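Please walk me through this structure, starting with a helix and moving on to the cores and the charged pairs. I would like the cut-offs behind each term to be stated along the way.

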Amino acid sequence: MECPFCESSFLNAVFAESQNFMAAYNLAPILPGHVLIVPKNHIESILDLSDDDLSEMMIFSRKVTKLLLRVFKAEAFDWSIQDQEAAGQTISHLHMHIVPRIKGDLKDPGDWYPKINENYKVLLDSDKREKLSNEEIKRVVSRLRDLSHNEGNNSKV
Ligand SMILES: [Zn+2]
């Protein structure tokens, strides 16, 4: 199966990067500000990361989360990794979901989790309608790129 995160078109959704990781806007966000943190290389499991890479991933994710909380006026957030098929990993390229949260955004605060699983069907099926339009993606990604750039999140070496 092709890996959606290794396709060059995936870069259209990327708005910030560290040396080895990228932050990309989810093409079918379950809530505003739903972002994916993915390694630039096709690494399947968090267990395959070196200590340095794991540390980089967490620090980068926290930076991105702070930006998202500000931009989407959120007060809380969920982080989620599904690692290996038995845990629900459907794309074999490590990725962490960041979902900014606002009080009352979902009927029950825990409702975000089943939505994450539905999200994969949308991401993997290009004909699904719930996706943002190309224009919407462009708008949100370019806004996040500007803000992220101003904060020095694009520490490309
Ligand atoms: Zn990949």
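Helix α3 comprises the 17 residues 134–150, and because each residue should contribute 1.5 Å, the helix should span 24 Å, which agrees with the 24 Å between its end C-alpha atoms; the expected span is taken as 1.5 Å times one less than the number of residues. Helices (H or I, at least four residues) and strands (E, at least two) are DSSP runs, numbered from the N terminus. The model is a predicted one, in which local features need pLDDT of at least 70 and side-chain atom pairs count only at pLDDT 80 or more, while totals for chains, interfaces and linings use all residues. Residues are numbered from 1 along each chain as its sequence is written, and side-chain values use heavy atoms, with hydrogens and water left out.

Within α3, the residues Ile137, Val140, Val141, Leu144 and Ser148 are buried, where buried means under 20% relative accessible area, exposed over 50%, and partly exposed in between, with a 1.4 Å probe and protein chains only. These buried residues cover an arc of only 100° around the axis, and therefore lie on the same side of α3; the arc is that of the directions from the helix axis to the C-beta atoms. Turned away from that buried side is a face carrying the exposed residues Glu135, Lys138, Arg139, Asp146, His149 and Asn150. The cover over the buried residues of α3 includes β1, β2 and α1, as judged by contact, meaning heavy atoms within 4.5 Å.

Helix α1 can be read in the same way. Its 21 residues should span 30 Å at 1.5 Å a residue, and the end C-alpha atoms are 30 Å apart, which agrees. The buried residues of α1 are Glu56, Met57, Phe60, Ser61, Val64, Thr65, Leu67, Leu68, Leu69 and Val71, and what covers them includes β1, β2, β3, β4, β5 and α3. Just after α1, Lys73 takes a positive phi of about 50°.

These helices lead on to the nonpolar cores. In soluble globular proteins, nonpolar side chains tend to be buried together. A nonpolar core is here a set of buried Ala, Val, Leu, Ile, Met, Phe, Trp, Tyr and Cys residues joined through side-chain atoms within 4.5 Å. The largest such core has 23 residues, and those with the most contacts inside it are Phe15, Ala23, Tyr25, Ile37, Val64, Leu68 and Leu144. To this core β1, β2, β3, α1, β5 and α3 each supply at least two residues, with the largest share, six residues, coming from α1. A second, separate core of 17 residues includes Phe10, Val14, Ala24 and Leu106.

Two further buried residues deserve a closer look. His34, found in the loop between β2 (21–25) and β3, is buried because its relative accessible area is 0%. The side chain of His34 reaches the backbone nitrogen of Ile30 at 3.1 Å, a polar contact being a pair of N or O atoms within 3.5 Å in which, within protein, one must be able to donate a hydrogen and the other to accept it, and residues adjacent in sequence count only if both atoms are side-chain atoms. Leaving aside neighbours within four places in sequence, the contacts of His34 include Tyr25, His97, Val99 and Asn119. Pro39, in strand β3, is buried at a relative accessible area of 1%, and with neighbours within four places in sequence again left aside, Pro39 is in contact with Asn20, Phe21, Met22, His93 and Leu94.

Which charged side chains pair with one another? A salt bridge is a side-chain nitrogen of Lys or Arg within 4 Å of a carboxyl oxygen of Asp or Glu, and by this rule the count comes to three. Glu17 forms one with Lys40, their closest N and O atoms being 2.6 Å apart. Because Glu17 lies in strand β1 and Lys40 in the loop between β3 and α1, this pair ties together parts that are 23 residues apart in sequence. Glu17 counts as buried at 17% relative accessibility, whereas Lys40, at 29%, counts as partly exposed.

Asp78 and Arg101 meet in a salt bridge at 2.7 Å, N to O; since Asp78 lies in strand β4 and Arg101 in strand β5, the pair ties together parts that are 23 residues apart in sequence. Asp78 is buried at 16% relative accessibility, and Arg101 is buried at 8%. Asp105 also forms a salt bridge with Arg101, with the closest N and O atoms 2.8 Å apart, and salt bridges that share partners thereby join Asp78, Arg101 and Asp105 into one network.
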